[in-house]
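User: I'd like to go through this model and ask why things get the labels they get. Can you take me through the reasoning?

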Amino acid sequence: MLADFRGRGGDPLAHWRTANELGLVVSVFSRPDILQSAEFNEVLRLFPDLSMVIEHLGGVKPGVDLDEFAAITALARHENLTIKLPGFGEFCDLPCPFENVPPLAEMTLEAFGARRIMWGSDWPPVSSREGFDNSLTFPLSYLASLSADERDWIFGKTARQVWNLEG
């Protein structure tokens, strides 16, 4: 769902309200400016228990301004938010292996912690960017200095917890 989406009709927040009432997880697609909008901040204020996953690091692109990204990581103060770390081709210049990787993964880790970050491949678009294999192997290598527990959370446990897939 788009972070600032409003429905038509008597209750423009009916979709957010229904997701909250049903205990659903909302996948939030966005851009950095929309995540800072009054509309999304209203959703965060009205539905503090609604589990939301910010997709694609908030829609950042290569050349992202780090101050602009810091505004996204500031959203970590909302405990109901998790964030998806995509294949690095979304925010790094190709080709892979990437050079000059901006510190977005580090900033996200510092703000959200490993238990609120999940890796996502961005398949199928990743197939025409860095390739599915690189979308996983590069972040695994890049984050190799993290503890095994932190990597376990980012590369599986967070997603299982958020979508209640423990078993």
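**Labels and what backs them**

Analyst: Let's start with A74, which is partly exposed, at a relative accessible area of 37%. Keep in mind that this is a predicted model.

User: Why is A74 called partly exposed?

Analyst: Buried means under 20% and exposed means over 50%. A74 comes in at 37%, so it goes in the class in between, partly exposed. As for its place, A74 sits in the loop between α4 (66-73) and β3 (81-85). Its C-alpha atom is 32 Å from that of G10, with the two positions 64 residues apart along the chain.

User: What makes E39 buried, exposed or partly exposed?

Analyst: The value for E39 is 34%, and with the limits at 20% and 50% that makes E39 partly exposed. E39 belongs to helix α3 (residues 38-46). From E39 to F91 you go 52 residues in sequence and 25 Å in space, C-alpha to C-alpha.

User: And F29, which class is that one in?

Analyst: F29 has a relative accessible area of 39%, so by those limits F29 is partly exposed. You'll find F29 in the loop between β1 (25-28) and α2 (32-35).

User: Which residues make a nonpolar surface patch with F29?

Analyst: L2 and F5 join F29 there, and the patch comes to about 280 Å². A patch residue needs over 30% relative accessible area; F29 has 39%, so F29 clears that cut-off.

User: Now the inside. How many cavities of 30 Å³ or more are there?

Analyst: A search of the whole structure gives one. The space in the largest cavity is about 30 Å³. What makes it a cavity is that a 1.4 Å probe fits but cannot get out.

User: What lines the largest cavity?

Analyst: L85, A105, T108, L109, I117, L143 and I154 do. Helix α5 (residues 104-112) gives the most to that lining, three residues. By class, six of the lining residues are nonpolar, one is polar and none is charged. Thr is not on the nonpolar or charged list, so T108 is the polar one.

User: What is the volume of the largest pocket, and what is its lining like by class?

Analyst: The largest pocket has about 200 Å³. Its lining has three nonpolar, four polar and four charged residues. Asp, Glu, Lys and Arg count as charged, so D49, E79, R115 and R116 are the charged ones. Among the others in the lining are V25, N80 and Q161.

Key: Residues numbered from 1 in each chain as written. Predicted model: local features only at pLDDT ≥ 70, side-chain atom pairs only at ≥ 80, totals over all residues. Heavy atoms only, no water. 1 Å grid on protein atoms, 1.4 Å probe; cavity = no way out; pocket = protein on both sides within 12 Å on 5 of 7 lines; lining within 4 Å. Points joined across faces, edges and corners; volume = space filled by probe spheres on them. Helix = DSSP H or I, 4+ residues; strand = E, 2+ residues; numbered from the N terminus. Buried < 20%, exposed > 50% of the residue type's maximum accessible area, 1.4 Å probe, protein only. Patch = residues over 30% accessible without salt bridge, like charges linked within 9 Å, V, L, I, M, F, W, Y side chains within 5 Å. Areas by Shrake-Rupley, 256 points an atom, 1.4 Å probe, with all protein chains shown as cover. Salt bridge = Lys/Arg side-chain N within 4 Å of Asp/Glu carboxyl O.
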